[in-house]
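Here are some worked exercises to try with the model open in your viewer. Have a go at each task before reading its solution.

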Amino acid sequence: MIRNHEELKKVVEREVNNVKITDIHTHIYSKDFNKLLLWGIDELLTYHYLIAEFFRYSNMDYDKFFKMSKKEQAELVWKTLFIENTPISEAQRGVLTILNKLGLDTANKDLEYYRNYFKNISLEEYIDKVFEVSNVKCVVMTNDPFDDDERPVWEKDGNKDERFKAALRIDALLMNYPKAMEKMIKMGYDVSLNLNEKTICEIKRFLDDWAERMGALYMAASLPPSFNVPEDSARWTILDRCILKVCKERNMPFALMIGVNKNVNYELGLAGDSVGRANNSALEYLCRNYPENKFMITYLSRENQHEVLVTARKFKNLFVFGCWWFLNNPVLIEEMTRMRFELLGLSFMPQHSDARVLDQLIYKWEHSRKIISKVLFDKYSDIFDTGFAISEEDVRRDVENIFGNNFFKFLNA
Ligand code: RAT
Ligand code: ZN
């Protein structure tokens with residue numbers, strides 16, 4: 001048994017550092033997806049989080065920036081954020097954490113020094129290295145059958161790297177049915193604008209085929225703050241009659257990622273999305289009326305974080321995960337993790353990385369492990385002070401649950 005606070009702290013830090021993580025939502029790909037797998041310093045510097053931050057300091061026309069080559073964009077971001085200013089934001093700091101963890105000298109301000117490192121390492125070697133340094137066991141990709149670059153990979157050999165799992169992402173079906181329909185027709189599905197019986201059957205067949213082909217662990221969509229159910233819309237019909245039906249038949253969760261206002265500044269491209277508070281009663285409606293379905297939820301707005309935990313206390317078919325996108329900052333991760341432990345105990349998944357560039361697994365997890373470990377230690381301390389006995393095995397079990405097992409238990413429930 002652990003004897004005092006000092007020992008407790010050491011055990012918690014050790015277990016959190018040692019646990020091999022299951023990262024349940026990312027945008028990285030295995031090598032099978034060729035150019036879709038992004039890695040290296042130029043990709044890191046042109047991450048859309050950093051592009052948004054670059055424009056906080058630069059007066060350059062958006063258009064001019066996006067017409068430059070990736071190499072030139074990276075140089076400009078480096079100069080602006082890392083040389084002319086001090087890189088203290090979370091996404092800026094992240095680049096330095098990665099370089100440092102790779103053993104590079106972050107006192108060196110010469111971008112070529114870092115580029116040389118990446119030139120001299122093979123992709124295979126680098127993938128292994130990133131998994132080793134970040135101590136990640138496996139990641140779940142975001143797999144979109146409507147994406148013209150991604151679909152052919154699945155139609156041919158698909159994914160062969162076991163460390164990468166699939167999630168079927170279907171934003172297009174819910175957010176732009178006419179466009180999704182055109183693509184489904186090209187893929188051989190007999191669908192029409194009229195959501196009649198035939199079309200409903202064909203959309204279900206499409207979802208089932210793709211879930212099967214990918215071996216998807218869950219289906220997912222990112223949705224706006226205005227998301228509401230039930231309503232008189234194509235979105236609701238497709239959700240109710242197709243998505244939730246197929247998910248139920250396959251015993252597969254549907255992951256709702258709610259709170260994105262797309263393109264508030266369309267000139268910024270991927271970096272142009274914003275956030276808004278969502279209506280949590282839509283989620284409660286789904287959990288209550290579809291008790292045989294399983295839902296995963298992550299909200300983008302800080303304002304939704306408390307109420308969703310109350311909802312999770314009411315519905316066992318709801319699984320809370322991650323600190324998403326604009327919430328993936330130390331101040332908010334700490335607040336949310338604390339609140340989640342206090343309301344849900346250990347029955348959720350505190351974090352996912354959302355990594356878009358392979359290397360980001362390193363910083364996202366390095367930063368999050370520290371915060372989660374600190375909050376977990378506080379929570380153990382409080383019960384330890386009542387005289388409750390805690391063993392190293394207890395800590396290990398809990399840590400393994402919140403960094404991986406909880407997810408697999410929910411999948412298999
Ligand atoms: O965090 C991000 O990189 C966003 O651009 C989105 O990809 C978001 O995470 C999503 O999954 O839609
Ligand atoms: Zn994402």
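**Exercise 1: Backbone oddities**

P230 has its place in the loop between β4 (216–223) and α13 (234–250), with helices (H or I, at least four residues) and strands (E, at least two) being DSSP runs numbered from the N terminus. Before we go on: this is a predicted model, where local features need pLDDT of at least 70, side-chain atom pairs count only at pLDDT 80 or more, and totals for chains, interfaces and linings use all residues. Residues are numbered from 1 along each chain as its sequence is written, chains are lettered from A and ligands numbered from 1 in the order written, and side-chain values use heavy atoms, leaving out hydrogens and water.

Task: find which kind of peptide bond joins V229 and P230.

Solution. Step one: check omega, which is about -10°. Step two: call the bond cis.

Now look at N34, in the loop between β1 (21–23) and α2 (41–45). Its phi is positive, about 50°, even though N34 isn't a glycine.

**Exercise 2: A salt bridge**

Task: work out which parts the R163 and D128 pair ties together.

Solution. Step one: the side chains of R163 and D128 form a salt bridge at 2.9 Å, N to O (the rule: a side-chain nitrogen of Lys or Arg within 4 Å of a carboxyl oxygen of Asp or Glu). Step two: R163 is in the loop between α9 (151–155) and β3 (164–169) while D128 is in helix α8 (residues 123–134), so the pair links parts 35 residues apart in sequence. The full count by this rule is 42 salt bridges.

**Exercise 3: The ligand shell**

Task: pick out side chains with N or O atoms close to an oxygen atom of ligand 1.

Solution. Step one: R169 has such an atom 2.7 Å from a ligand 1 oxygen. Step two: for W324 the distance is 2.9 Å, and for a polar side-chain atom of H25 it's 3.1 Å.

Note on methods
Polar contact = N/O pair within 3.5 Å; in protein donor to acceptor, adjacent residues only side chain to side chain.
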